[in-house]
Amino acid sequence: MLMKLTGGRVYDPAQSVNNEVRDIYVREGRIVKAPSDGQYDQEVDVRGKVVMAGAIDMHTHIGGGKVNIARTMLPEDHAADVVARTELMRSGCGHAAPSTLTAGYRYAEMGYTAGFEPAILPINARQAHMEMHDTPIIDKGGYVMLGSDDYLLRMMAANDDQESINNYVAWTITHSQAIGVKVVNPGGINAFKFNQRKLDLDEKNSFYGVTPREILLRLARAVKELGIPHPLHVHGCNLGVPGNMNTTLDTITGIDGLPMHMTHIQFHSYGTEGDFKFSSGAAEIAEAINRNKNITVDVGQILFGQTVTASGDSMMQHAAHSHAHPNKWVTMDIECDAGCGVLPFKYKDQSYVNALQWMIGLETFLLVDDPWRIFLTTDHPNGAPFTSYPHLIRLLMDKTFRNETLSKLHPEAQKASHLASIDREYSLYEIAIMTRAGAAKLVGLADRGHLGVGGAADITVYTDDADREKMFSSPDYVFKDGRMVVEDGDLIDVTWGTTHVVKPEYDRSIEKSLKGYFDKYLTMKMGNFKISDDEIVDDGRGSLTIQPLHKGGPI
Amino acid sequence: MTERLDEGVWQEVPSPFCGIASDDLTISVTGLKLSVTENGDPVTVKGFEAPISETAPRVDGQETSLAKAVQRIAELMRDSQQTVISGLATDLNGARAAMALADKGRATVDHMNSTGVFRNFLVLQDTGWMNTTLAEVKNRVDLLLVVGSDIEAGFPRFFERMVWPKDTLFGQDIESRDVIYLGKAPSGDASTSPKGKKAQVIRCDDADLPEVISVLRALINGRELQAEQVGGIAISALSDLAERLKAAKYSVVTWSAAMLDFDHAEATVQTLCEMVKDLNSETRSSGLPLGGKDGDTTVNQVAAWQSGYPVRTNFNRGYPDYDPYLSDSLRMLAEDEVDTLIWVSSFDIDRLPPNSSAKTVVLGRSGMSFEQEPAVFIPVGTPGVDHAGRAFRTDSVVSIPLRQLRDSGLPSTFEVLSAVEQVL
């Protein structure tokens, strides 16, 4: 069946299409050329409407152990947002730690068609995929966490060559069914198990003698040499610590020009100036990002209200435990692999620190010049639940609204920020870059995030509205793989997205030493660790999409 | 991965029965008969080797087809004011199907092990914890404190696999590891080191554990006490234990909540978890709750991601409504609040539904015998024996892929419950 979307105002930055009236044709889930005979089977009139590819959340904690700990420990948070079953939809709960089903429905209702879980522990990857399998409509995938695992640190302490490390990285990404590699507090989760309470960029792990800087260089190089499109995804050292902007600046310059994505940069952009010894480092960080073209970032914007922070960074979550609100928290050491920490948190607009965090995030958005290198996230749910994205978009696109909101925040924090004097307002085209074309390019999705012929027909149609929050909350139509799943803001059909992965090559002989390691030191067999393709397909609802690699090779 | 070594011999088989998910078993299969030939223990041998007897579903004691049995379950649910789906000894997809059915049928979900499991969950939901997982124990533990639990009775290979391995990552001499029991003494010698070092036992009655643990926590925090003994234990012995916990580099405090069988044991678990947090102000220490049997971890994981809540959640009002007291299925059954009970028990023929006035449906392992014939009985396959599946182990982190080892033709719980959902 051939469907025509007629006369929309198309924003498709991947093809440099900026607000041009175009027709789009869809057949069997794909965008196709206009038929030579002009015939089609179905028409959807979208004249005057804004048409973009489906949005992609490149960093959202939607599945895996720590998210499920957050769900289990927060019955009181769910109670305010329980979701009843309908003819179409399963029941569930929303807000800070939504059920998988509700998360999928709500993403789709906002025009999102893909989300990527950024912190998949190799040993917990099976669970992350189970949860993503139960997340409807959107496509998914994840970044597998390395850098505090004892296997890598042993290799580094033994000064193994880069090729061995590349093989291990490729093996891990393949058998955990991931699309990228993440490092969280490089080496720090491991150091916490040896009772180290902080780990600066050049501080050594007390057992291995390895530093975070060395871990970042080794992993960033592995990712580049293996041709994995998504750059090394880095949650840096010293998250949340006043003065961490200097570590962040060192991290940016210390990566030797290799591609690196620095995630939730807002949490890593703090200075120590002023009476509160807490200040914004956003200007310096943004300048460094602007200067270093190898760097991409997502912001991790905070918004006010109750949420929960779920992180692999057991070291820093433990250090922050006195801030838990309500006062309950979990940390875990996990399987000589990684760790996690879960703290409920309430961001308050009358708190100096929280208000300044809000400003630092927005300053970063507005001071980074290139929308292809900065991405819209709240680090769901750590800065705020993903359902606050339309509000965030309005803050970026509407200076008056932004400054009105700002004027109500902690007065000392207002004085500590230049945010009010920044005039920039994001355009629809720039929003489309950040949330579609740029995100797809960053994650390595060849067939998503654009509306070109051959692309997947993930399409979102909005009514242009000066109130950008209203506009982005409730699209007119969302098509997922060519099927209309949302009409007038309401879900009308439930589909099950695919799981995007990459399969970099590795030397099979690595399994000999890995098998010995699993047998001796771990508690499951190497063969049982591997997640088969069949597990992703599961009952037939799931599917696997292998994305192309870039040209790799030794640097 | 589980591999077929020879005709009828499987190796690296994971156990869904033992809670710690040992996956080094070798199993030989002859027809429908299984034998654990390597690395078995009383729990896994019973689990894998239980023979199949009946294979046909029964309605009111009469053999019938699966389709008719499914129809009958749907009828019972349609006529029901309050259905409880419990037992829930099943795997990942069995749990998924149970949640989907409960959602559609406005039922309440619970698990056969909830009484123990909620001693931990109530703590997680009130104050949280600092916990660890099995491989960290295996490589790091220097002092293992076992509280109120005879670990080897429930988890026979825990010590062999996690406390006394041949090799560890950080060069620790495993003979330097200390094991201390507080409360119950161990029933066997699993906790004795390979060279014969015995565990220290500080005995007290279960009923005294709340007080003893409170005193231990107070001592760790440097509080001064007037008492000279508590629960029959000299304060000096607890002071010594407190000092050893503070001096340890990576102590692990373990308990099996099912074995802490006294009123409000959750308060004692909470004191333990807070004590571990206190220790972490200076050194490292972690909790390790042991459980994960009969699919309890798996089912609570699935319930949490699909509804936001663990079991003891009801869907009567069309949305998940969690109440660990009101939706305690044992209480509900005892107080005649339930008219239809769907009891899933696919691992252990001895885990039978509680007696009640409710019409009872059993999806059970073949070989069960009932005092009172249930309204519907469907023999279902055992995950990891009769069909493939996945299961979580005790720490809620690691899950194992389960393989089909024989072709019994028994339907999976997923197939049966999904079929009921279809016709409901």
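## Domains of chain B

The C-alpha centres of domain 1 and domain 3 of chain B sit 31 Å apart. Seven residues won't fill a whole domain, but here's the contact: 7 residues from domain 1 of chain B and 7 residues from domain 3 of chain B take part, where contact means C-beta atoms, placed from the backbone, within 7 Å. On the domain 1 side, these are 4 nonpolar, 2 polar and 1 charged residues (Ala, Val, Leu, Ile, Met, Phe, Trp, Tyr, Cys and Pro are nonpolar; Asp, Glu, Lys and Arg charged; the others, Gly among them, polar).As for the bounds, chain B splits into domain 1 (3-46), domain 2 (54-113 + 294-423) and domain 3 (118-290), following an automatic or database domain assignment.

## About the model

This is a predicted model, in which local features need pLDDT of at least 70, side-chain atom pairs count only at pLDDT 80 or more, and totals for chains, interfaces and linings use all residues. Residues are numbered from 1 along each chain as its sequence is written, while chains are lettered from A and ligands numbered from 1 in the order in which they are written.

## The sheet

Chain B has an open, mixed sheet of 9 strands, in the order 6-5-21-20-19-7-8-17-18. Strands (E, at least two residues) and helices (H or I, at least four) are DSSP runs numbered from the N terminus, and two strands pair if DSSP finds at least two bridges between them. At the edges are strand 6 (62-63) and strand 18 (321-322) of chain B, each pairing on one side only.

Strand 20 (359-365) and strand 21 (376-380) of chain B run parallel over 5 bridges; B:Leu363 has B:Ile378 as its bridge partner in strand 21.

## A helix on the sheet

Helix 13 (413-423) of chain B packs on the sheet and touches strands 19, 20 and 21, its direction making about 140° with that of strand 21. Axes are lines fitted to C-alpha atoms, for helices over the stretch in contact, with angles from 0 to 180 degrees between N-to-C directions.

Terms used:
Two residues are in contact if their C-beta atoms, placed from the backbone, lie within 7 Å.
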